[in-house]
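Notebook open, coffee poured. I want to go through this complex chain by chain and jot down what I find.

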Amino acid sequence: MADTMQFDLVSPERSLLSTQAKTVSIPGTDGDMTAGPGHAAVITTLRPGILKVETEKGTEEFVVTGGFAEIGTTMTVLAERAVPYADMTQETYEDLVREAQAYYKKVVEETENEPGPVDDAAKLLQDMVAVGGHIGLDPKQPNF
Amino acid sequence: MPSLKDLKTRISSVKSTRKITKAMQMVAAAKLRRAQDAAEMARPYSERFNAVLGSLAASVGGSPTAPKLLSGTGKDDVQLLVVMTAERGLCGGFNSSIVKAARAAIAKLKAEGKTVKILTVGKKGREQLAREYGSLFVGHVDLSEVKKIGYADAQSIAKNLLDRFDEGEFDVATIFYAKFETVISQVPTAQQIIPAEFDAAEGDDAGASPLYEYEPGEEAILADLLPRGVSTQIFSALLENAASEQGARMSAMDNATRNAGEMIDKLTIEYNRSRQAVITNELIEIISGAEAL
């Protein structure tokens, strides 16, 4: 078995990373997972979180806001938006949190507190906030 | 016959027009390169996306619980046409060729007795369609403030569409845009985006691809991906359109510059001839004056 696999991280606007990776950790909707070469073929959606790519040269991290991952003989992550860890500033992060908050508020209003969609939106917001905790940025917002 | 002075002013005005068209051509060339790069960079995403969506759709497609975005509402009575054009003119036949394609589609659908609704993206298409089909407009997306098309723009258009679809405003949505082939050829294209349609080729791919496990379930993923698929398709259409617009403008401005050059040559010849005629006239007057003495 090969030690590495082809890994691509693409966003709608550009391709962010294309490399040989040893392992890749992704924040799946149903839980985080780490895939190495020879992983079973899976397609999973992503929640906001940290994507970690371990290559021969070192580890690269990205903040992704959602999208999906396709794992097969090669691995592809199609992220709605992905920001390299280093480029993640307080400002960008606050924007993301604000967006999640606005979405939450809207869902609550529109669906009149129907549990399904509201829970989803609340989870999205929580995930977004958790991302901040992980990378040491302050979400600057009241807790729900 | 125009006087010397008239000719001179005309020559200088055509010269300054040529300068402007030349500058516009160069600007368009630079923008074209950028637009092409953007379209190029967006390609891997949309290709992968469509492949995955295609294989998913193939496996879920037949089931009665398949999302409406895939299977449709079961009718095609109300058709929404999304006409994407440029915000600016002076780009040759770019806008009119898209509008022409849309017009043909509208006429055809109307003849079939369908209800047609129009959503315009870009000012130029709206202006051209307003006189004939103004009553069919249901909305307009203004991109004139947008310098560089981002995914967010596509997302907001997609959201607009999806909201309308959820409200049951239409059954089928088709986008009209110009596909970028080369700098001199842009092909007006109609593409149905709701319900989603996949190329047969991608369907074949699906058969060959490994059997995936889906997390969460297949249908949950599909329900999540389909709306994104709409954004993705709109995004690539917007990018193609942007590249086409600049390509069309570039060749239109190239033509204009060349025409201006020819006109200047012609006017200069005329100017020189009439200048010589004036000199000859003056000489004749002087000579005949001298002879009369």
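My entries follow, roughly in the order I looked things up.

**Entry: how far to trust it**

I'm working from a predicted model. I checked the predictor's scores for the complex and found an ipTM of 0.75 and a pTM of 0.83. For chain B, I get a mean pLDDT of 87, with 93% of its residues at 70 or more. I flagged residues 200-208 of chain B, where the pLDDT is below 50. That stretch still has 12 contacts in the model beyond near neighbours in sequence. Note to self: where pLDDT is low, the predicted coordinates should not be read in detail.

**Entry: chain A**

I went through the secondary structure and found nine strands and two helices in chain A. Along the sequence I read β-β-β-β-β-β-β-β-β-α-α, so to speak the strands come before the helices. Chain A has 144 residues, and 37% of them count as buried. I also looked at contacts with a separation of 6 or more: 48% of these are between residues 24 or more positions apart.

The domain split puts residues 5-85 in domain 1 of chain A and residues 89-135 in domain 2. Each domain puts eight residues into the contact between them. On the domain 1 side I sorted the residues into five nonpolar, two polar and one charged.

**Entry: where A meets B**

Next I looked at the contact between the chains, which takes 20 residues from chain A and 21 from chain B. Which elements of chain B give two or more residues here? I noted helix H1 (4-60), strand S6 (213-215) and helix H7 (218-292). H1(B) has the largest share of the chain B side, with seven residues. By type, I sorted that side into 15 nonpolar, two polar and four charged residues.

There is strand pairing across the chains too. Strand S4 of chain A (residues 42-46) pairs with S6(B) in the parallel sense, over three bridges. Within this region I found Ile43(A) opposite Tyr214(B), a residue of S6(B).

**Entry: chain B, domains and a long helix**

For chain B, the assignment gives a domain 1 made of two pieces, 4-21 and 253-284, and a domain 2 covering 27-249. I get 48 Å between the C-alpha centres of the two domains.

I then picked two residues in chain B to get a feel for distance. Ala223(B) sits in helix H7. From Ala223(B) to Gly289(B), 66 residues along the chain, the C-alpha atoms are 98 Å apart. Is Ala223(B) buried or exposed? I count 18 other C-beta atoms within 10 Å, so Ala223(B) comes out as partly exposed, given that buried takes 20 or more.

**Entry: the nonpolar core**

The largest nonpolar core has 102 residues. The members touching the most others are Leu81(B), Val82(B), Val83(B), Met84(B), Phe176(B), Ile194(B) and Ile234(B). H7(B) gives the most to this core, 16 residues.

I followed Val82(B) a bit further. Leaving aside neighbours within four places in sequence, Val82(B) is in contact with Leu119(B), Val121(B), Ala173(B), Thr174(B), Ile175(B) and Phe176(B).

Then the strands: S1(B) and S2(B) pair in the parallel sense over seven bridges. Met84(B) has Val121(B) in S2(B) as its bridge partner. S2(B) is mostly covered, with five of its seven residues buried.

**Entry: Ile98(B) and helix H4(B)**

Ile98(B) belongs to helix H3 of chain B. Why do I call Ile98(B) buried? Because 28 other C-beta atoms lie within 10 Å. Beyond neighbours within four places, the contacts of Ile98(B) include Val83(B), Thr85(B), Gly125(B) and Phe176(B). Val83(B) is 15 residues away along the chain, yet the two C-alpha atoms are separated by 7.5 Å.

Last stop was helix H4 of chain B, residues 123-133. I listed the buried ones: Lys124(B), Gly125(B), Arg126(B), Gln128(B), Leu129(B) and Tyr133(B). What do they pack against? I found strand S1 (78-84), helix H3 (94-111), strand S2 (115-121) and strand S3 (137-141), in chain B.

Key: Residues numbered from 1 in each chain as written. Chains lettered and ligands numbered in written order. Predicted model: local features only at pLDDT ≥ 70, side-chain atom pairs only at ≥ 80, totals over all residues. Domains from an automatic or database assignment. Contact = placed C-beta atoms within 7 Å. Nonpolar A, V, L, I, M, F, W, Y, C, P; charged D, E, K, R; others polar. Buried ≥ 20, exposed ≤ 12 C-beta atoms within 10 Å, placed from the backbone. Helix = DSSP H or I, 4+ residues; strand = E, 2+ residues; numbered from the N terminus. Pairing = 2+ DSSP bridges. pLDDT = per-residue confidence, 0-100. Core = buried A, V, L, I, M, F, W, Y, C linked by C-beta atoms within 7 Å.
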